[in-house]
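These are my notebook entries from a session spent looking through a two-chain model. I went strand by strand and helix by helix, and I wrote down what I looked up in the order in which I looked.

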Amino acid sequence: MTETVSAEGAARRRYDAIIVGGGWAGSVLAKRLGAQGWQVLVLEAGNGGTETWPGYLDSLSTFHSAVAKVPNAAYRPNKAAPSPNVLDLAPVRDPQAGEPEFTANGYFVQDGQLPYGTDYLRELGGAAMHWLGAVPRMLPDDFATRSTYSYGLDWPLTAEDLQPWYAEAEGELGVAGHAQEQKELGVVTDPAYEYPMHHIPQSYIDQYCDHRLGDAVIDDTVAQLPYALRTFGLPQARNSTPNPAYRAPYRIQGAVGLPNYGERCVGNASCVPICPVQAKSHPLRLQAAWPPSVTLATRCVVTRVRATSTGTVTGVEYRTYTDPASPVSRSYLAEADVVVLAAHAIENARLLLFSGLANTSGQVGRNLMDHPTLLNWALAPEAGGPVGPFRGPGHTSGWEVFRGGPGRRARAPFRIEIGNWGWGWATGAPMSNVATALGIGGDKDGNVRPDGVFGPELRRLLGSSIGRQLQLQIAVEQSADPGNRVTIDPARYRDAMGNPRPILTYNLDEHVRTGLFAARLVAQKIFQRLGATDYTDHAPHDGVPPLGHFVHTVDEQTLDLAYSGAGHGAGTHIMGTDPKSSVVNADQRTHDHPNLYAIGCGSMPSIGTSNPTLTMMALALRSAAQIHRDLAAARRPVTVRPAAEPANPEKEKVTA
Amino acid sequence: MTVPASAADDEPHDLPEGAPGPLATQLPDELTDFITHCVPLTGFAAFDLHATGTARLYLDTARRQVGEDRFAAFWTAWKRALAEGHGPEALTPTHREVARALIYLWYTGAWPRLAPAAHADLRRESANTEFVPAPSAYVEGLVWRTFHGHPAGAKPPGFGTWAVRPPDPPGVAELRDRLGLADVPYRTGLAGEVPPEDIPAHLLPGQRLSRAVPPSAVPTAAAAPEATGTPEAPVTPEAPAAPEAPATPEEGTS
């Protein structure tokens, strides 16, 4: 276990590398660099504590007592290092035509047409403390949508370049997956590849859908293409059974702070926001494996990155606090040869903007992305019996066929997740089922409702109305749009500690909206084939539009649609080969500063329809190798006389 | 400690699941009384209600939320309705809402947002918002058991259990028999028992307009779901035929 020091302790010496942020990317980078002997300082803005078992139980009980069980529900608010929360958004009653239909009241200032409905967590371990653990690889054509389908941006890397790094990342994350299926999907190209653990069993809901639909063909009338349905298991960073065919014996890691616990998923069905047994992988595991050369300081909010006039960065300024509710702080300075920002896409952009660095291209903060997610919900027929919702991991299978191929020209691609948690996300079930079946809360005028069921009739009704819930969560690709951006205005918007708050300007373009539209029609057809009653409803209710509401027309058909945020913030310091149009190169080093890296989902020029953590981890591991080479090169003995030796063989890798 | 002899001690095997049983005689009278009369409200056996360990918390919470006197009046009215062979339709609108809140507490572990009319009628001093009185209350929610589930984030059933088909829920008649409950309508404002294969939209939750809407304030589903293979013939809510007039003299509070 690594040493945790105070802010003052952290400032006492010089480091080889400073990493800003103790989430997935920062933790794996620190692990790699530390293992190579480099002195690394990790500065985490948020609280620690969950790395101990009592601290973790405190988070669990915070979740149990929360009325709104949102992704941040298990973690306490922190004014010194505030996190955005999905509860910060509210719809506007009877909105003016053309005006935003929402208000934002929290850490984010939002001035866009549509809400950015995504959160993250500033706490040791970062948003990975509440992630689902879904780790699908990106498709090969995701890396070149501009040249292949004429939208979005191309990567300076290919899927093939990332194959070894994906494999590395799957080892670090601890992934349970079905290698053969992923090979058939075309995302794993090594025929000998195996995942560290056997795949997580498909839920009964998955089997139910699979059995009734078989390989049914669904017409996507927007893309004007037929798609044959086939479910694929989801690769997940969740403990199952070690796979003996894996490249090396795999030892499962369970809970941090409690030995021999959480070594297999037991089906708590609460991966988001918290896995009570820690069978879901999180960065605290990597932190537990940090060597002594890695130093961690929590409650250290980095305010600025310092640079010399020649462009090299020298270190970071940061502030600490004692009481998260009323932060009073002083400033510290830590110095290092390399500075790595790994604080989340939006936080990285905020830091670069406030520091006035890396922005020759003018692209810092631009191209903000997420996976706008369309929720569809239906009741399976009573005759088919219960489907068993609210059990197991959030989703265990999906329909992948709408993710790639020429349909992407007509509409954004999408990935259909078969939800295992009933109508929870869409309607607040099963609690809201109890409320509406009882008839509690009053009618439109506030009077006590006459209709409702009680006792045995209530119990029977809920057994059926909850037990048959189906939900399809459809994550749609959002491509890079420079108009979707993070800015700051320090004169107007600062947090309690004096740091500028992110100002978000967000919208969905025509291509994405058409993708959501097509996804809705596909979901309707799937529910029809299942004989399920479709209760999906995104229309305004008594003049109040749902969050993320918009109206879209394709071929004279008009639909009310609404999307939710997926928590997949990306694209604020995109990578590319041209310093005029991108912020970092393929190694995630800033074009402007030779020893400043910005890593994480912010570097991605596109995110396809894959949950981005795995790709982010692959990129972080790739950067770790490059940073090691940077540090080693800087310490190579001075050559006294010119030698006829060849150039460093490791340097030959050209950044595409 | 003196344990009063009770008739139940002689023939425990003949008791229905819903009966308090001999153990109950060792508990404070008011808790036994509370649980006994919560059986017909919740549709769960006294055994299940005891086993939550939260009965005291719920009774205290309900008293605090409704007011000591008003809760006592509701409780008297409910017991009288049961004694006279009635169901919840015998309660006044405000008492009906209190009964619903109490059931919601048992089912979800949270005290709900009440109908504003009932909130005003009860002259409550606390805010009319949903809250969870204790973390353990969420964990003991009964709703999960209605569909053979478990609370999300507690009582995990084990690796791979999610791949297995859950059993069918028990029918109303079976539940009534098992719990020893009278054959009366456990519903208000509805013409007949709701057929599981045809649940009307007004008994289902609709879209949650934002994540900040608490579950007890989620609107009901839109009346006509989009066309699908399933025929649409909802049970129409009965006109206000249910007795709205006070059923007992103690109804001064409502």
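Which residue of S18(A) stands opposite A:Leu375? I looked this up and found that A:Leu375 has A:Gln473 opposite it in S18(A). I note here that the model is predicted, and I keep that in mind for every entry below.

**Entry: the sheet around S18(A)**

I then followed the sheet outward and found six strands of chain A in an open sheet, ordered S9-S15-S16-S18-S14-S21, with antiparallel pairing. The edges are strand S9 (231–233) and S21 of chain A, each of which pairs on one side only. H14(A) packs on this sheet, where it touches S14, S16, S18 and S21 of chain A, and its direction makes about 155° with that of S18(A).

I looked at the two neighbours of S18(A) in turn. Strand S14 (residues 373–379) of chain A pairs with S18(A) in the antiparallel sense over seven bridges, and within S18(A) it is A:Gln471 that stands opposite A:Trp377. Strand S16 (residues 414–419) of chain A also pairs with S18(A) in the antiparallel sense, here over five bridges, and A:Arg415 has A:Ala475 of S18(A) as its bridge partner.

Is strand S18 of chain A enclosed by the rest of the structure or open? I found that eight of the eight residues of S18 (residues 469–476) are buried, so the strand is largely enclosed by the rest of the structure. I checked each face separately: A:Gln469, A:Gln471, A:Gln473 and A:Ala475 are buried on one side, and A:Leu470, A:Leu472, A:Ile474 and A:Val476 are buried on the other. A:Gln471, which I had met opposite A:Trp377, is thus among the buried residues.

**Entry: helix H9 of chain A**

How many of the 11 residues of helix H9 (residues 345–355) of chain A are buried? I counted 10 of the 11, and the helix is mostly covered. The buried residues include A:Glu347 and A:Arg350 as well as A:Ile346, A:Leu351, A:Leu352 and A:Leu353. The strands of chain A against which the buried residues of H9(A) pack are S11 (300–307), S13 (331–341), S19 (485–487) and S24 (596–598). Just after H9(A) comes A:Gly356, and I noted its positive phi, near 65°.

**Entry: where chain A touches chain B**

I next turned to the interface, where 89 residues of chain A are in contact with 95 residues of chain B. On the side of chain A that touches chain B, H13(A) gives the most, with 13 residues. By class, that side of chain A holds 45 nonpolar, 34 polar and 10 charged residues.

I found strand pairing across the two chains as well: S17(A) and strand S1 (residues 187–188) of chain B are antiparallel partners over two bridges, and A:Val453 stands opposite B:Arg187 in S1(B).

I also looked at a helix pair that spans the chains. The axes of H12(A) and helix H5 (residues 93–108) of chain B come within 10 Å and cross at roughly 155°, and the two helices are therefore roughly antiparallel to each other. The crossing of H12(A) past H5(B) is right-handed. On the H12(A) side I listed A:Met431, A:Val434, A:Ala435 and A:Leu438, which meet B:Arg100, B:Ile103, B:Tyr104, B:Tyr107 and B:Thr108 in H5(B). This contact has seven nonpolar residues, one polar and one charged.

**Entry: helix H1 of chain B**

My last look was at the partners of helix H1 (residues 29–42) of chain B. Its axis lies 10 Å from that of helix H3 (residues 55–66) of chain B, and the two pack at an angle of about 90°; H1(B) and H3(B) are therefore roughly perpendicular to each other. B:Leu31, B:Phe34 and B:Ile35 in H1(B) meet B:Ala55, B:Arg56 and B:Leu59 in H3(B), a contact of five nonpolar residues, no polar ones and one charged.

H1(B) packs against H5(B) as well, at an angle of about 90° with the axes 10 Å apart. The contact is made by B:Cys38, B:Leu41 and B:Thr42 of H1(B) with B:Ala99, B:Leu102, B:Ile103 and B:Trp106 of H5(B). Six of these residues are nonpolar, one is polar and none is charged. I noted B:Ile103 once more, having already listed it in the contact of H5(B) with H12(A).

Definitions and conventions:
Residues are numbered from 1 along each chain as its sequence is written. Chains are lettered from A and ligands numbered from 1 in the order in which they are written. This is a predicted model: local features need pLDDT of at least 70, side-chain atom pairs count only at pLDDT 80 or more; totals for chains, interfaces and linings use all residues. Two residues are in contact if their C-beta atoms, placed from the backbone, lie within 7 Å. Helices (H or I, at least four residues) and strands (E, at least two) are DSSP runs, numbered from the N terminus. Ala, Val, Leu, Ile, Met, Phe, Trp, Tyr, Cys and Pro count as nonpolar, Asp, Glu, Lys and Arg as charged, and the others, Gly among them, as polar. Two strands pair if DSSP finds at least two bridges between them. A residue is buried if 20 or more other C-beta atoms lie within 10 Å of its own, exposed if 12 or fewer, and partly exposed in between; C-beta atoms are placed from the backbone. Axes are lines fitted to C-alpha atoms, for helices over the stretch in contact, and angles run from 0 to 180 degrees between N-to-C directions. Angles under 35 degrees count as roughly parallel, over 145 as roughly antiparallel, 65 to 115 as roughly perpendicular and the rest as oblique. A crossing is left-handed if the near helix is turned anticlockwise from the far one by less than a right angle, and right-handed if clockwise.
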